[in-house]
Amino acid sequence: MERRRLAESDYRFMTVVWDHEPVSSMKLVDFCLEELGWKKSTTFTMLRKMIEKGYLKNENSVVTSVLSRAEVQAAQSEIFVEQTFSGSLPGFLVAFLGGKTISDEEAEELRRLIDEHREG
C-alpha cells in the first residue's frame, strides 16, 4: 500500500470501523450516524473510497479492516515526522516536549522503546 497521510475524516471513519469490526455495512451506517453525524450516503461513499484505497474490505456486507490501527498510526506518524521534521525523530521529540517534563516512568519507557528499536 502506498504510504500517504489520511485526511481527518478518513481516520475518523477508520476509527469507527476498528472500534466495531467486524461490522455489517448497515450497522456501520448506524454507528457513523451516531458517532460522526453522517448520513447513509456519506458512509457508503466513504466505505467505497476506503476499499479502493485498500484500507477496508466488504465481504457479504461485513466490513473489516485490511490494516490495523497500529499499522495506520505508525505510517501516519512516520509521514508526519518526515514532512515536518525532515525525518528527525530527536527534532520531533524536542518540539513535542517543548520544555515539558516527563515522569521517571515515562523516561524509562522511552529508553526501553529506544533499546528495542535500536539498529545493530
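# Notebook: loops, helix packing and rings

I began with proline 22, which I found in the loop between α1 (8–20) and β1 (23–24). The model is a predicted one. I looked up the peptide bond that leads into this proline, from glutamate 21 to proline 22, and noted it as cis, with omega near -10°.

**Entry: positive phi**

I went through the backbone angles next. Serine 61 has a phi near 65°, a positive value in a residue other than glycine. I placed serine 61 in the loop between β2 (56–59) and β3 (62–65). Is serine 61 buried, exposed or partly exposed? Its relative accessibility is 44%, so I put it down as partly exposed.

Serine 86 also went on the list, with phi near 50°, again positive in a residue other than glycine. I located serine 86 in the loop between α4 (69–85) and α5 (89–97). The relative accessible area of serine 86 is 73%, and since exposed means over 50%, I entered serine 86 as exposed.

**Entry: α4 against α5**

The loop of serine 86 runs between α4 and α5, and I looked up how these two helices pack. Two packed helices are described by the angle between their axes and the distance between the axes. For α4 and α5 I noted an angle of about 85° and axes 9 Å apart. The two helices are therefore roughly perpendicular to each other. Which residues make the contact? From α4 I listed Phe80, Val81 and Phe85, and from α5 Leu89, Gly91, Phe92 and Ala95. Sorted by class, the contact of α4 with α5 holds 6 nonpolar residues, 1 polar residue and no charged ones.

**Entry: α1 against α3**

I repeated the lookup for α1 and helix α3 (residues 40–52), whose axes come within 11 Å and cross at roughly 95°. That angle makes α1 roughly perpendicular to α3. On the α1 side I wrote down Ser9, Asp10, Phe13 and Met14 as the residues in contact. On the α3 side the residues are Thr43, Met46, Leu47, Lys49 and Met50. How many charged residues does the contact of α1 with α3 have? I recorded 2 charged residues, along with 5 nonpolar and 2 polar.

**Entry: aromatic rings**

I found 6 aromatic pairs in the structure. A pair of aromatic rings is described by the distance of the centres and the angle of the planes. I wrote out two of the pairs.

Tyrosine 11 and tryptophan 18 have ring centres 5.8 Å apart and planes at 70°, so I classed the pair as edge-to-face. Tyrosine 11 is partly exposed at 24% relative accessibility, whereas tryptophan 18 is buried at 9%.

Phenylalanine 85 and phenylalanine 92 have ring centres 5.7 Å apart and planes at 75°, so this pair is edge-to-face as well. Phenylalanine 92 has a relative accessibility of 21%, which puts it among the partly exposed residues. I noted that Phe85 and Phe92 are also listed in the contact of α4 with α5. Together with Phe80 and Phe96, they form one aromatic cluster.

**Entry: lysines over rings**

I then checked for charges over rings. Phe96 of the cluster has the charged end of lysine 100 over its ring, 4.9 Å from the ring centre. The charged end of lysine 27 sits over the ring of phenylalanine 31, 5.3 Å from the centre.

**Entry: serine 25 and methionine 26**

Last, I looked up two residues of α2. Serine 25 lies in this helix, which covers residues 25–36. Is serine 25 buried or exposed? Its relative accessibility is 7%, so serine 25 counts as buried. Leaving out neighbours within four places in sequence, I listed the contacts of serine 25 as Phe44, Leu47, Asn58, Ser61 and Val63. Ser61 in this list is the serine with the positive phi, and Leu47 is among the residues of α3 in contact with α1.

Methionine 26 is found in helix α2 too. With a relative accessible area of 44%, methionine 26 is partly exposed. I recorded Lys40 and Phe44 as the residues that methionine 26 touches, not counting residues up to four places away in sequence. Phe44 also appears among the contacts of serine 25. Where does methionine 26 lie in relation to glutamate 8? The two are 18 residues apart in sequence and 23 Å apart in space, C-alpha to C-alpha.

Methods:
Residues numbered from 1 in each chain as written. Predicted model: local features only at pLDDT ≥ 70, side-chain atom pairs only at ≥ 80, totals over all residues. Heavy atoms only, no water. Helix = DSSP H or I, 4+ residues; strand = E, 2+ residues; numbered from the N terminus. Buried < 20%, exposed > 50% of the residue type's maximum accessible area, 1.4 Å probe, protein only. Axes fitted to C-alpha atoms, helices over the stretch in contact; angles between N-to-C directions. Parallel < 35°, antiparallel > 145°, perpendicular 65-115°, else oblique. Contact = heavy atoms within 4.5 Å. Nonpolar A, V, L, I, M, F, W, Y, C, P; charged D, E, K, R; others polar. Phe/Tyr/Trp six-rings, centres within 6.5 Å; stacked < 30°, edge-to-face > 60°. Lys NZ or Arg CZ within 6 Å of the ring centre and 35° of its normal.
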